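Me: I am new to this structure and would like a close look at a single part of it. Please pick one strand and describe what surrounds it.

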Amino acid sequence: MIKAILFDLDGTLLNTLPDIRRHLNDALTAHGYPAISEEQAKRCIGDGARKLVERAFPAGERFSEEVFEDFSKRYAANDNSLTCLYGGETAFLDRLVKRGVKFGIVTNKPQDATLGCVEKFFKGYPLEFVGGESGAFPCKPDPSLALYASLTMRVPVGECAFVGDGETDALTAINAGMFGVSTLWGYRTEEQLKKAGATRFASDFEELEKILFAQENFT
């Protein structure tokens, strides 16, 4: 029986791509590097801020600490004006609350930016755990933060689900021994997710709910 759900943030609970791309391109162009497209930005997301910036450089260009620091400052001050929830999400979260299911966030997004998103979009929800990249734990797919979240919420790992749109999320679920579900409305394709070991896929929040609370999960 699923008693707690841990969600990835970018591409799972929020479409943050427009804001991420905006600040990333501002940092890149300010230092003489070319801006990247939306599709390129999608491929950059998923493994933390440093990897995001590193992947945005043109082929053959070395990583620039100055660009990373510039992006970090810009994104820390982000107002999330281009970020939005996904369709059907609010009703889904409301149903989770009625079910009495605990839920939280485990993301590779910097902790300050994560808290900014929570304050703006999820202030009215009883999030049991909010964990981003802070340096205290390795980034996903290392399972340490997910396991710590399970411990904090006082729910056994076997009764936790991990939901996300990326390869790192599929691997985190596997590494943590949690019930993994990959979402298809984010920044990766089903084929990419399958290569990472994902076996369950949801195309919208209604399908996600059916997978999470299917009768066979109540054991």
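Reply: What follows is a description of strand β4 and its surroundings.

This is a predicted model, in which local features need pLDDT of at least 70 and side-chain atom pairs count only at pLDDT 80 or more, while totals for chains, interfaces and linings use all residues. Residues are numbered from 1 along each chain as its sequence is written, and side-chain values use heavy atoms, with hydrogens and water left out.

β4 covers residues 102-110. Helices (H or I, at least four residues) and strands (E, at least two) are DSSP runs, numbered from the N terminus. β4 is mostly covered, with 7 of its 9 residues buried; buried means under 20% relative accessible area, exposed over 50%, and partly exposed in between (1.4 Å probe, protein chains only).

β4 pairs with two strands, where pairing requires that DSSP finds at least two bridges between them. With β1 (residues 4-7) the pairing is parallel, over 4 bridges, and Leu6 stands opposite Gly104. With β5 (residues 129-133) the pairing is also parallel over 4 bridges, and here Ile105 stands opposite Val130. From β4 the chain passes through helix α6 (residues 111-121) to reach β5, a right-handed β-α-β crossover. Right-handed means that, with the strands pointing away from the viewer, the path from the first strand over the helix to the second runs clockwise.

Helix α8 (residues 167-176) has the buried residues Thr168, Asp169, Ala170, Thr172, Ala173 and Ala176. These pack against β4, and also against α7 (144-153), β6 (160-164) and β7 (179-183); contact means heavy atoms within 4.5 Å. Just after α8, Gly177 takes a positive phi of about 75 degrees.

β4 also takes part in the largest pocket, supplying 4 residues, the largest share of its lining. A pocket is found on a 1 Å grid over the protein atoms alone: it is an open set of points where a 1.4 Å probe fits, with protein on both sides within 12 Å along at least five of seven lines, and lining residues have an atom within 4 Å of a point. The space in this pocket is about 280 Å³, a volume being the space filled by probe spheres set on the points, which are joined across faces, edges and corners. Its lining has 25 residues, of which Asp10, Ile45, Gly46, Asp47 and Gly48 lie nearest the centre. Besides β4, α3 (49-56), α4 (65-76) and α8 each supply at least two lining residues.
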